[in-house]
Amino acid sequence: MRIAYLEDDKVQSGVMKEWLEAEGYVCRVFDNADAFMRELRHETYDLLIMDWELPGKSGVEVLSWVRGEREWDLPVFFITHRDGEQDIIEALDKGADDYLAKPVNREVMLARIKALVRRHSGRRDLIRISNFTLNKENKTLTLKDVPIEMTEKEFQLAWMLFTNIGRLLSRDHLLESIWGFGPGLMTRTVDTHISRLRRKLGLTPENGWRLKAVYHQGYRLEQLEDEG
């Protein structure tokens, strides 16, 4: 899972990053709102964690931007010193999914993140959409009840696309989540696998789908019509 973390306290962010990466998460830390927002304009994440009190824009202002201008429904977790009842209400009303007051307990924080991701994903292990069925447990995909032969990486890529229909996924996001590569790597791996999936699964407008390349950003799977 890919996490963007907005926190200006370098000691706090260093500890949190260490905890999160020890759990196998990829964590990018930003110490100001402007850098965080610039990143989110061209990169994609599975979870946002943010502080409230920051230089420049506040965490609540950034949250309003995420929910408003960006129109993202990905989970947002507030971790802040502000623990007043009205503060918690305001953050939740603005679109935060969970709220934790500092000082942070490691086990509580990790448990909250796992619960938040479970709620957001709906614990899906099986997807049925249009003529496709994807089974995460046994890593199989069928099209019109016919099994499609796929490599493990192809299935993981298909799963990410079908669980994020209509959402842009950056190349770095896909490379980190599926192949474990760091950001900025110059490789055609994603593009090659996308081409294979498009061909194998018939993800074309004629079949009601568009697997769209977004220049210098990534890919988005769009469903053009419901084929029932």
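The largest nonpolar core of this predicted model has 27 residues, and those with the most contacts inside it are F132, L134, L141, L161, F162 and L203. A nonpolar core is here a set of buried Ala, Val, Leu, Ile, Met, Phe, Trp, Tyr and Cys residues joined through side-chain atoms within 4.5 Å, where buried means under 20% relative accessible area, exposed over 50% and partly exposed in between, with a 1.4 Å probe and protein chains only. The elements that give two or more residues to this core are β6 (126–129), β7 (132–135), α6 (152–162), α7 (171–179), α8 (189–201), β11 (209–214) and β12 (218–223); the largest share, seven residues, comes from α6. Helices (H or I, at least four residues) and strands (E, at least two) are DSSP runs, numbered from the N terminus.

This is a predicted model, in which local features need pLDDT of at least 70 and side-chain atom pairs count only at pLDDT 80 or more, whereas totals for chains, interfaces and linings use all residues. Residues are numbered from 1 along each chain as its sequence is written, and side-chain values use heavy atoms, with hydrogens and water left out.

Within the core, F162 touches I127, I129, F132, L134, L201, L203, W209 and L221, leaving aside residues up to four places away in sequence; contact means heavy atoms within 4.5 Å. Apart from this core lies another, of 25 residues, among them M37, L48, V60 and A96.

**Helices α7 and α8**

Helix α7 is mostly covered, with seven of its nine residues buried, namely D172, H173, L174, L175, E176, I178 and W179. What covers these buried residues includes β1 (2–6), β2 (26–30), α6, β10 (169–170) and α8. After α7 comes G180, whose phi is positive, near 75°.

The axes of α7 and α8 come within 10 Å and cross at roughly 85°; axes are lines fitted to C-alpha atoms, for helices over the stretch in contact, and angles run from 0 to 180 degrees between N-to-C directions. The two helices α7 and α8 are therefore roughly perpendicular to each other, given that angles of 65 to 115 degrees count as roughly perpendicular, under 35 as roughly parallel, over 145 as roughly antiparallel and the rest as oblique. In this crossing, R171, L174, L175 and W179 in α7 meet T189, V190, D191 and H193 in α8. By class, the contact of α7 with α8 has four nonpolar, two polar and two charged residues, where Ala, Val, Leu, Ile, Met, Phe, Trp, Tyr, Cys and Pro count as nonpolar, Asp, Glu, Lys and Arg as charged, and the others, Gly among them, as polar.

**Strand pairing and sheets**

Two strands pair if DSSP finds at least two bridges between them. The table lists pairs of strands with their sense and bridges.

| Strand pair | Sense | Bridges |
|---|---|---|
| β10 and β12 | antiparallel | two bridges |
| β6 and β7 | antiparallel | four bridges |
| β3 (residues 47–50) and β4 | parallel | three bridges |
| β4 and β5 (residues 98–101) | parallel | four bridges |

Three strands form an open antiparallel sheet in the order β10-β12-β11. Strands β10 and β11 stand at the edges, each with a single partner strand, so one side of each is left without a neighbour in the sheet. The bridge partner of L169 in β12 is Y219. Helix α8 packs on this sheet, touching β11 and β12, and its direction makes about 20° with that of β12.

Four strands form another open antiparallel sheet, in the order β6-β7-β8-β9. Here β6 and β9 (146–147) stand at the edges with a single partner strand each, so one side of each is left without a neighbour in the sheet. L126 stands opposite N135 in β7. Helix α6 packs on the sheet, touching β6, β7 and β8 (140–143), and its direction makes about 115° with that of β7.

**Strand β4 and T80**

Five of the five residues of strand β4 (residues 76–80) are buried, so this strand is largely enclosed by the rest of the structure. In a regular strand the side chains alternate between the two faces of the sheet. In β4 both faces are covered, since V76, F78 and T80 on one side and F77 and I79 on the other are all buried. The bridge partner of L48 in β4 is V76, while that of T80 in β5 is A101.

T80, found in strand β4, is buried with a relative accessible area of 1%. Leaving aside residues up to four places away in sequence, T80 touches D51, W52, Y99, L100, A101 and K102. The C-alpha atoms of T80 and E7, 73 residues apart along the chain, are separated by 9.1 Å.
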